[in-house]
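Reader: I'm new to this one. Can you put it up and walk me through it?

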Amino acid sequence: MGFYTQLQDATAAVRQQMLDAPVFTAVPAGKVLLSTYTTFLTQAYHHVKHTVPLLMACGAQLGPRFPELQKAIAEYIAEEMGHQEWILADLAACGIDAEEVRHGQPEAPIELMVAFLYDAIHRGNPLSLFGMVQVLEGTSINQAHRMADAFQTTLNLPDQAFSYLRSHGTLDEEHWQFFTGLMNGITEPEDQQAIIHSAKRVYQLYGQMLHTLPLPEDVTGYGNTFALAG
């Protein structure tokens, strides 16, 4: 069994907890508010703006033991540069003051998620970054286009409000096969455990953000959270 399959199996329970967030059933059912979408985008901005700095931090820590990963990091940096600006443009198309979001602060789950990743890279194992990739790109592949279509249908928003979700769904599909191969090349148990631990934490924290997105009051389960355990 390659490490990618081990990673999927080891994180299955906490991934399902994330996917149990009410937003994943509310959006396709049309039970959403404009604030559901704009709150999601705002929180996305506050972690996406750290994607390139986190990639750079990881690359700086890798050293000569991982030449293939260093190459992968360089490619990711080139592709991810400036994506936070797409989110601000989407927010502006929804009538939100993008500059207010730019200078604002994230809610606790995203603030803690970003802090955890910086700490794990600098004080733990730099390969912890790939736990984040597992969560965010995997979720995007499975959900981004479907959710964008449902949000747009319900909220009657213009195409210009969905550049982030629609572009990332496509980009992350392209990344995923590459990511799978990279993970199958990770053979040291300590590196594998660092990635598994990071993925679990990111699933939990990102999931907590998704569980607390604003929804109409009649949506069952709105406001649920889950414990940071395991």
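Author: What follows goes through some helix contacts, the core and a few single residues.

Reader: What kind of model is it, and how are residues numbered?
Author: This is a predicted model: local features need pLDDT of at least 70, side-chain atom pairs count only at pLDDT 80 or more, and totals for chains, interfaces and linings use all residues. Residues are numbered from 1 along each chain as its sequence is written, and side-chain values use heavy atoms, leaving out hydrogens and water.

Reader: Ok, helices. At what angle do H4 and H12 cross?
Author: Roughly 155°, with the axes of H4 (residues 34-48) and H12 (residues 189-211) coming within 10 Å. That makes H4 roughly antiparallel to H12. Angles over 145 degrees count as roughly antiparallel, under 35 as roughly parallel, 65 to 115 as roughly perpendicular and the rest as oblique.

Reader: How do you get the axes and the helices?
Author: Axes are lines fitted to C-alpha atoms, for helices over the stretch in contact, and angles run from 0 to 180 degrees between N-to-C directions. Helices are DSSP runs (H or I, at least four residues), numbered from the N terminus.

Reader: Is the crossing of H4 and H12 left-handed or right-handed?
Author: Right-handed. The near helix is turned clockwise from the far one by less than a right angle; anticlockwise would be left-handed.

Reader: Which residues make that contact?
Author: Phe40, Gln43 and His47 on the H4 side, and Tyr206, Met209 and Leu210 on the H12 side. Contact means heavy atoms within 4.5 Å. By class, there are four nonpolar residues, two polar and no charged. Here Ala, Val, Leu, Ile, Met, Phe, Trp, Tyr, Cys and Pro count as nonpolar, Asp, Glu, Lys and Arg as charged, and the others, Gly among them, as polar.

Reader: And what about H4 with H9?
Author: Their axes come within 10 Å too, crossing at roughly 15°; H9 covers residues 108-123. That makes H4 roughly parallel to H9. This crossing is right-handed. Gln43, His46 and His47 in H4 meet Ile110, Met113 and Val114 in H9. The contact has three nonpolar, three polar and no charged residues.

Reader: His47 keeps coming up. Is it buried or exposed?
Author: His47 is buried, at 5% relative accessible area. Buried means under 20%, exposed over 50%, and partly exposed in between (1.4 Å probe, protein chains only). Leaving out residues up to four places away in sequence, His47 touches Ile110, Met113, Val114, Leu136, Tyr164 and Tyr206.

Reader: What about Leu34, in the same helix?
Author: Leu34 lies in H4. Leu34 is partly exposed, with a relative accessible area of 36%. Cys94, Leu155 and Leu157 touch Leu34, not counting residues up to four places away in sequence. Leu34 and Thr154 are 120 residues apart in sequence, yet 9.2 Å apart in space, C-alpha to C-alpha.

Reader: New topic. How do H5 and H9 pack?
Author: At an angle of about 10°, with their axes 9 Å apart. H5 and H9 are therefore roughly parallel to each other. H5 brings Pro53, Leu54, Ala57, Cys58 and Gln61; H9 brings Leu117, Tyr118, Ile121 and His122. Those residues divide into seven nonpolar, two polar and no charged.

Reader: How many residues are in the largest nonpolar core?
Author: It has 77, and those with the most contacts inside are Val23, Tyr37, Phe130, Phe179, Met183, Tyr206 and Leu210. Its largest share, 12 residues, comes from H10 (residues 129-155). A nonpolar core is a set of buried Ala, Val, Leu, Ile, Met, Phe, Trp, Tyr and Cys residues joined through side-chain atoms within 4.5 Å.

Reader: What does Phe130 touch?
Author: Cys58, Leu69, Ile73, Phe179, Leu182, Met183 and Ile195, setting aside neighbours of Phe130 within four places in sequence.

Reader: What's the phi of Asn156?
Author: Asn156 has a positive phi of about 55°, although it is not a glycine. Most residues other than glycine have a negative phi. Asn156 lies in the loop between H10 and H11 (163-184). Asn156 is exposed, at 68% relative accessible area.

Reader: Last one. Where is Glu68?
Author: Glu68 is in H6 (residues 67-80). Glu68 is exposed, with a relative accessible area of 55%.

Conventions:
Helices (H or I, at least four residues) and strands (E, at least two) are DSSP runs, numbered from the N terminus.
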